[in-house]
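Okay, thanks for coming, everyone. I'll put the structure up and then talk you through what the numbers say.

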Amino acid sequence: MVITRMWRGWTRSGEADRYEQHYRSEVMVTLGQVSGFRGARLLRRTLGEETEFVSLTFFDDLDAIRSFAGSDYETAVVAEEARKVLIRFDERVCHYETAFAA
């Protein structure tokens with residue numbers, strides 16, 4: 001079974017590329033070191049002056065997530081660099097068991 005971790009954050013549209021680059025270079029490097037990490041998707045949509053990001057990360061189990069996020073694994077892990085460009089973000093994340101994948 002795969003666990004999907006979902007988180008959302010918003011930037012001003014002019015800062016969106018900066019956040020995406022942070023995700024590609026920093027977040028992915030960090031996650032790549034986690035045993036049980038199985039991949040990620042970063043979704044992006046711009047609505048006027050804001051850009052919303054949805055991060056979907058995939059893990060083998062909750063133990064793998066805890067090794068990344070700590071014992072309170074539903075608390076969002078948001079690096080200082082990301083906080084500089086985000087105007088708001090989910091403080092808590094959601095976790096989903098994969099019911100079906102094609």
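**Walking through the fold**

So, reading along the sequence, the pattern you get is β-α-β-β-α-α-β-β. That's five strands and three helices in the chain. Before I go any further: this is a predicted model, so please keep that in mind throughout.

Let's do the overall picture. The C-alpha trace spans about 40 × 30 × 20 Å along its principal axes. For the radius of gyration, the chain has 14 Å, and a compact globule with 102 residues would come in near 13 Å, so the two agree. Of those 102 residues, buried ones make up 39%. The accessible surface comes to about 6,300 Å², and carbon and sulfur atoms own 48% of that.

What about contacts? If you take the ones with a separation of 6 or more, 66% of them link residues 24 or more positions apart. And for the electrostatics people: there are 14 positive and 17 negative charges, and the mean positions of the two sets are 2 Å apart.

Now, the strands. Which strands does β3 pair with? One is β2: residues 37-47 make up β2 and residues 50-59 make up β3, and ten bridges join them, running antiparallel. Another is β1, residues 3-12, also antiparallel to β3 and also over ten bridges. E52 in β3 is a handy place to see both pairings. The bridge partner of R45 is E52, and W10 stands opposite E52 too.

The link between β2 and β3 is a hairpin with two residues between the strands, and in that turn G48 has a positive phi of about 65°. As for cover, nine of the ten residues of β3 are buried.

Staying with that hairpin, have a look at L43, which lies in β2. Is it buried or exposed? Well, somewhere in the middle: L43 has 43% relative accessibility, so it counts as partly exposed. Leaving aside neighbours within four places in sequence, L43 is in contact with E52, F53, V54 and L56. And if you want a distance to check in your viewer, L43 and S55 are twelve residues apart along the chain, with their C-alpha atoms separated by 6.4 Å.

Next, helix α1, residues 16-32, where we find L31. This one has a relative accessible area of 1%, and since the cut-off for buried is under 20%, L31 is clearly on the buried side. What does L31 touch? Not counting residues up to four places away in sequence, the list is F37, T57, F59 and F68. C-alpha to C-alpha, L31 and F58 are 9.9 Å apart in space, with their positions 27 residues apart in sequence.

For contrast, jump to the loop between α2 (62-69) and α3 (80-83), which is where S71 is found. S71 has a relative accessible area of 70%, and anything over 50% is called exposed, so S71 is exposed. Its C-alpha is separated from that of G39 by 21 Å, and the two residues are 32 apart along the chain.

Last stop is another loop, the one between β4 (86-89) and β5 (94-97), which holds R92. R92 comes out at a relative accessible area of 43%, so it is partly exposed. Which residues does R92 touch, not counting those up to four places away in sequence? They are D72, E74, T75 and A76. The C-alpha atoms of R92 and Y73 are separated by 8.8 Å, with the pair 19 residues apart along the chain.

So, to recap the residues we visited: L31 is buried, L43 and R92 are partly exposed, and S71 is exposed. And on the strand side, β3 pairs antiparallel with β2 and with β1. That's it from me, happy to rotate the view if anyone wants another look.

Technical notes
Residues numbered from 1 in each chain as written. Predicted model: local features only at pLDDT ≥ 70, side-chain atom pairs only at ≥ 80, totals over all residues. Heavy atoms only, no water. Helix = DSSP H or I, 4+ residues; strand = E, 2+ residues; numbered from the N terminus. Rg over C-alpha atoms; globule rule 2.2 N^0.38 Å. Buried < 20%, exposed > 50% of the residue type's maximum accessible area, 1.4 Å probe, protein only. Contact = heavy atoms within 4.5 Å. Areas by Shrake-Rupley, 256 points an atom, 1.4 Å probe, with all protein chains shown as cover. Lys, Arg positive; Asp, Glu negative; His and termini not counted. Charge placed at Lys NZ, Arg CZ, Asp CG, Glu CD. Pairing = 2+ DSSP bridges.
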